Amino acid sequence: MELKKPYYAVIFTSLRTDGDQGYAKMAEEMETLAKKQPGFLDIESARDGLGITVSYWESLEAIADWKANMDHRQAQKNGIKTWYSWYKVRICKVEREYEFNK
């Protein structure tokens, strides 16, 4: 999908604790909820030990609104308490992109 530039990427990189402890269900619920947020554009995610989820947004305001969402805030608290041993969030402005597709 071609996104209108510029747009913003929130890069969430994490290491999980052992066991699921409700993580998979919450991750699915948060993705569904994020997709309903004004300004949401897309999401990509991968995990093989290190997890990386990149969500794409129209504006910094849309990102701030998502961070402040009450259900998302509860998931963040659960993440700190139960699901993550480490994480880092980066917010970047995307001005250019290119891809290869066979």
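How many salt bridges does the structure hold? The answer for this predicted model is two. One joins the side chains of Lys25 and Glu29, with an N to O distance of 2.7 Å. Both residues belong to helix 1 and sit four residues apart, about one turn of the helix. Lys25 counts as exposed because its relative accessibility of 58% is over the 50% cut-off. Glu29, at 35%, is partly exposed. In the other bridge, the side chain of Lys35 meets that of Glu31 at 3.1 Å, N to O. These two residues also lie in helix 1, and again the spacing is four residues, about one turn of the helix. Lys35 is partly exposed, with a relative accessibility of 48%. Glu31 is partly exposed as well, at 32%.

Aromatic contacts were examined next. A pair of aromatic rings is described by the distance of the centres and the angle of the planes. The count comes to eight aromatic pairs. In one of them, the ring centres of Tyr23 and Trp83 are 5.7 Å apart. Their planes meet at 75°, which is over 60°, so the pair is edge-to-face. The contact links distant parts of the chain: Tyr23 is in helix 1 and Trp83 in helix 3, 60 residues apart. Tyr23 and Trp83 are both buried.

Tyr23 also pairs with Tyr84. This pair is edge-to-face, with 5.8 Å centre to centre and 90° between the planes. Here too distant parts of the chain are linked, as Tyr23 of helix 1 and Tyr84 of strand 4 are 61 residues apart. The relative accessible area of Tyr23 is 16%, under the 20% cut-off, so Tyr23 is buried. Tyr84 is buried at 17%. Ring pairs link Tyr23, Trp83 and Tyr84 with Phe12 and Tyr87 into a cluster. Tyr23 has a charged partner too: Arg16 lies over the face of its ring, 3.9 Å from the ring centre.

The pocket analysis completes the picture. Rolling a probe the size of a water molecule over the atoms shows where empty space is left. The largest pocket has a volume of about 850 Å³. Its lining comprises 32 residues, and Phe12, Thr53, Trp66, His72 and Tyr84 are the closest to its centre. Phe12 and Tyr84 are also members of the ring cluster. By class, the lining divides into 21 nonpolar, eight polar and three charged residues. At least two lining residues come from each of strand 1 (7-16), helix 1 (23-35), strand 2 (40-48), strand 3 (50-57), helix 2 (60-68), helix 3 (70-83) and strand 4 (84-94).

How values were computed: Residues numbered from 1 in each chain as written. Predicted model: local features only at pLDDT ≥ 70, side-chain atom pairs only at ≥ 80, totals over all residues. Heavy atoms only, no water. 1 Å grid on protein atoms, 1.4 Å probe; cavity = no way out; pocket = protein on both sides within 12 Å on 5 of 7 lines; lining within 4 Å. Points joined across faces, edges and corners; volume = space filled by probe spheres on them. Nonpolar A, V, L, I, M, F, W, Y, C, P; charged D, E, K, R; others polar. Phe/Tyr/Trp six-rings, centres within 6.5 Å; stacked < 30°, edge-to-face > 60°. Buried < 20%, exposed > 50% of the residue type's maximum accessible area, 1.4 Å probe, protein only. Lys NZ or Arg CZ within 6 Å of the ring centre and 35° of its normal. Salt bridge = Lys/Arg side-chain N within 4 Å of Asp/Glu carboxyl O.
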